[in-house]
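Biologist: I am new to this structure. Please show me how to read a few of its features.

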Amino acid sequence: MKPPPFDYVAPTDLDEALAALADAGEDARVLAGGQSLIPMLNFRLAAPVKLIDLNRVSELSGIERRPDGGLVLGAMTRHRQLERDATIAEYAPLLAEAAPWIAHAPIRTRGTIGGSIAHADPAAELPALLLLLGASVRVARAARDGEAPGRVERTLPLDDFCFGPFFTALEADEVITRIDIPPCGPLEGTAFEEFARRRGDYAIAGAASRMILDEDGTCLHAAVSLINAGPAPALVAGVEEPLVGRPPTEDRLAEAADVASAGCDPAPDMHGSEAYRRHLVRVLVLRTLARAARRAAAGRTPGIETEDG
Amino acid sequence: MNEIRVAARINGEDISRTVEPRMLLSDFLRGPAGLTGTHVGCEHGVCGACTVLLDGEPVRSCLMLAAQIDGCAVTTVEGLAGVAGEPDVGALHPIQRAFHETHALQCGFCTPGILLSVAAFLEETPRPTRDEVREAISGHLCRCTGYHNIVEGVVRAAELLAEGP
């Protein structure tokens, strides 16, 4: 239960970190919050030759609002910041609502948004939530042999980033630098709910829903993203069918929840059979869609709402 | 493997040591720092026994490297009593007094981690409901108490802290 030996550097500059990662080759690992990687080291499931610690790279932290109303989150933004930050509460309320459900407080103190996406655990909240919000991931690496010297960057929609369990588009010499979240409209509502046997444990299943209405209450957009109900985060196909172009009545929300329940791909384990998980997904989707619809109708999703849960 | 120089302030005292990069903060505290009040249970972030405060925020010391605390302030159970930066070793913090009063520990193995989590929690939530307390301690395993008296202990600690010293 002790990590195997490795070399360690903690650069303060991103280019220095990228160069160190490129130099160390495929057997190096990047250390973000460490709340998944360090347990893997302790179990010796990972044995990198070198760790490049990003915790001192100031360029990777910070939460900013762009002129268009979208948000830019540094990759080293901690879950605790999502939970407490006023800008997040106002402009990405889904993240503020869900953050307290990510593990326990001492894990949220350290865990980072970039780390969560790079780890790509199907039970993790953030990849599913960011997918629902239409976020994109900015990654950087040092120039390779034959390229002009400097930093090489690319941006991927989250949809093209997480492929499967613990499997992403990130290459061995790349580091996630920031997450971009597009602006949310005035008649947009989001909601999140998950169920775990004990608060802070991995959710047996979770759901996040998003709805956009027009002035007359007609649904313009409806989407659902599930947690721990498939190999990788994906928007549930077909949930918009019963909703878009019509007001989101109870019957139509229920129909959408049935679609999600039938269309998800939960893996049974000791905590619940497939049938149980499908039932749970149906309930969570129905609740979150209904709440997203109410919030959209109310004009704007408040940061944390308590009156109706 | 390279060696790393770590200079940190632990319980108000400056300490500087050379460590192997793979040394966990929990092992650093119990070994080179000589502070065995921090207990090590699962070593993968589940049991909460090793929780300490890093710059005032609760962290699992088994999920951090000692090398990462360079330039930081750490509070362990030994430094809980007394005012920030000036620990009163041997004295009891109001949360410790409350746990004593309400019989909130039996074997005591999980207690140091819980005390530090609760210290950070009560700072942020000075008048918690019992539900909030249950949530706050949900990241800690205790195999003796059944948690009931821990919840009572935290509620009592909130009262003692409100009364002042």
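Modeller: Cysteines come first, then aromatic rings. This is a predicted model, where local features need pLDDT of at least 70, side-chain atom pairs count only at pLDDT 80 or more, and totals for chains, interfaces and linings use all residues. Residues are numbered from 1 along each chain as its sequence is written, chains are lettered from A and ligands numbered from 1 in the order in which they are written, and side-chain values use heavy atoms, without hydrogens and water.

Biologist: How many disulfides does the structure hold over all chains?

Modeller: A disulfide is a covalent bond between the sulfur atoms of two cysteines. The cut-off here is a pair of cysteine sulfur atoms within 2.5 Å. The structure holds zero over all chains.

Biologist: How far is the sulfur of Cys110(B) from the closest cysteine sulfur?

Modeller: That distance is 3.8 Å, to Cys142(B), which is too far for a bond. For Cys72(B), the closest cysteine sulfur is in Cys50(B), 16 Å away, also too far. Cys110(B) is buried at a relative accessible area of 10% (buried is under 20%, exposed over 50%, partly exposed in between, with a 1.4 Å probe and protein chains only).

Biologist: Which residues form an aromatic pair?

Modeller: A pair of aromatic rings is described by the distance of the centres and the angle of the planes. Rings of Phe, Tyr and Trp (its six-membered ring) pair if their centres lie within 6.5 Å; planes under 30 degrees apart are stacked, over 60 edge-to-face, and the rest tilted. The count over all chains is one. Phe163(A) and Phe167(A) form a tilted pair, 5.5 Å centre to centre with 50 degrees between the planes. Phe163(A) is partly exposed, at 48% relative accessible area.
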